[in-house]
Structures are given as structure tokens and as C-alpha cells.
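User: I am new to this structure and would like a close look at a single part of it. Please take one strand and follow it through its partners and its surroundings.

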Amino acid sequence: MSLRHLALASVTGGIILLDQLTKQQIMQTMRLHESIPVIPNLFSLTYIRNPGAAFGLLAGSSNAFRMVFFGLTSIFALGLLGTILLRMPEEDWVGRISVAGILGGAIGNLIDRLRFGEVIDFLDVYIETYHWPAFNVADSAITIGVIFLIIHFAFEKQADPPHESEISSIR
């Protein structure tokens, strides 16, 4: 395994480890729905279990439907991320690290779904009574990875298009 591959595996593995350790700490030290203010009227640690997708989508669906749905979408997403990572040029470090972060977050939440049938969330951002949906380290890694990937692709220098003379010489 090359040093570059080891670095990418370390990013993915580090996110999975940090995600699982923080969730384990929350489950061991807090009661479900307990909230500990960290920054009053802005941020709390709040132990929540989310059976649905992002923002609680599909939370009201049956357990069997959610398990099949999330199982299939997770397999598809992990396969897609792995394919993207393998096809990215080795010199595209921003892109590769972004995808490695997304992959780590996806695996972290998949572990929760396999272990508990739901995802452990605990980061609660709010202003007064207006709450953003609670999230976790895995969700943060996915979000940051996607943002960096979008910015990276938006500003990536595109290869110069071929000149008309080059196109006509090919014909």
C-alpha cells in the first residue's frame, strides 16, 4: 500500500473511529433526550436517536422498510464513493481527501444502522427555540466533504478546449 493510499485510509478510518467513540461516550454518559448546554442559546449536547434519514426523513416508516431502504442506499452510496475514489487522479488530493471524508462519515452512520437500527445524534445547534436537526461527527464529515468537493470542482482548472485546427486535423 502506498503512502498516499495509507493517508486516505487514515482519513476514512480516523473519521469512523472518532464518530464511533463520540457516540459511545454520549450513550454511556447521557440519558436519551438529555441535553447539556455548552453555549447557551446556541449549542448543546443532546442525545437523540434518529431512525430516519437526514432531518428525520422516513422516521415514521416501518423498521423493515427502513432497514431495506437504508441497506440498499448505503451499499449503492459506498460503491459509488469507492468508484469515484478509485477513478480520481492520484494527484487530486483535495478531491480524494474530500471523498475519503464522505466515505468515513457514510460508514460511521452505517455502523449505527447495523448495530441499533438508527443513528445516534448529539450535536444540537439552535438559536433560542429554533433548532437545526441534531447531527454527529459522521454527518459533519459528510457535509464538510461534500462542501469541499463542490468548491474544488467549481474552481478546478479545466483543460483548455481543443482548437478548431486540432479538431479538423483529427477528422
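Analyst: Within strand β3, Val 119 is the residue that forms a bridge with Asn 50. This pairing belongs to a predicted model, and the strand in question covers residues 119-127, pairing with β2 in the antiparallel sense over six bridges. Beside that pair, Ile 120 of β3 has Arg 49 standing opposite.

Val 119 itself deserves a longer look. With a relative accessibility of 4%, Val 119 counts as buried, because buried means under 20%. Setting aside residues up to four places away in sequence, Val 119 touches Ile 48, Arg 49 and Asn 50, and also Lys 23, Asn 109, Asp 112, Arg 113 and Asn 136. Gly 108 lies eleven residues from Val 119 in sequence, and the two C-alpha atoms are 9.2 Å apart in space.

At the other end of the numbering of β3, which runs from 119 to 127, the picture is another one. Ile 127 also has its place in β3, yet with 57% relative accessibility this residue counts as exposed, because exposed means over 50%. Not counting residues up to four places away in sequence, Ile 127 touches Asn 41 and Leu 42; Leu 42 is 85 residues away in sequence, while the C-alpha atoms of the two are 5.1 Å apart. Taken as a whole, β3 is mostly covered, with seven of its nine residues buried.

Ile 127 also leads to the next strand, since Tyr 130 in β4 stands opposite. The pairing of β3 with β4 is antiparallel and rests on two bridges, and the two strands form a hairpin with two residues between them, in whose turn Glu 128 has a positive phi of about 55°.

These pairings are part of an open sheet of four strands, in the order β1-β2-β3-β4, with antiparallel pairing. The strands β1 and β4 (130-131) stand at the edges, where each has a single partner strand, so one side of each is left without a neighbour in the sheet. At the β1 side, β1 joins strand β2 (residues 43-50) over four bridges in the antiparallel sense, and one of the pairs there places Leu 45 of β2 as the bridge partner of Ile 36. The hairpin of β1 and β2 has three residues between the strands, and Asn 41 in this hairpin takes a positive phi near 60°; Asn 41 has already appeared above as one of the residues that Ile 127 touches.

The sheet also has a helix against it: α1 lies across β2 and β3, running at about 85° to β3. Helix α1 (residues 3-29) in turn meets helix α4 (residues 137-155), where the two axes come within 8 Å and cross at roughly 145°. On the α1 side of that contact are Ile 15, Leu 18, Asp 19, Thr 22 and Lys 23, and on the α4 side are Val 137, Ala 138 and Ala 141. Sorted by class, this contact of α1 with α4 has five nonpolar, one polar and two charged residues. Lys 23 links this contact back to the strand, as Lys 23 is also among the residues touched by Val 119.

Beyond the strand, the largest nonpolar core has nine residues: Leu 8, Leu 81, Leu 85, Met 88, Val 99, Ala 100, Ile 102, Leu 103 and Leu 149. Two or more of these residues come from each of α2 (63-87) and α3 (93-116), and α3 gives the largest share, four residues. A second, separate core of eight residues includes Ile 26, Met 30, Ile 120 and Phe 122, and Ile 120 is the residue of β3 that stands opposite Arg 49. In soluble globular proteins, nonpolar side chains tend to be buried together.

A word on confidence closes this look. The protein averages a pLDDT of 87, and 83% of the residues score at least 70. Confidence is highest in strand β1 (residues 35-39), at 97, and lowest in helix α5 (residues 164-170), at a mean of 56. Where pLDDT is low, the predicted coordinates should not be read in detail.

Key:
Residues numbered from 1 in each chain as written. Predicted model: local features only at pLDDT ≥ 70, side-chain atom pairs only at ≥ 80, totals over all residues. Heavy atoms only, no water. Core = buried A, V, L, I, M, F, W, Y, C linked by side-chain atoms within 4.5 Å. Buried < 20%, exposed > 50% of the residue type's maximum accessible area, 1.4 Å probe, protein only. Axes fitted to C-alpha atoms, helices over the stretch in contact; angles between N-to-C directions. Contact = heavy atoms within 4.5 Å. Nonpolar A, V, L, I, M, F, W, Y, C, P; charged D, E, K, R; others polar. pLDDT = per-residue confidence, 0-100. Pairing = 2+ DSSP bridges.
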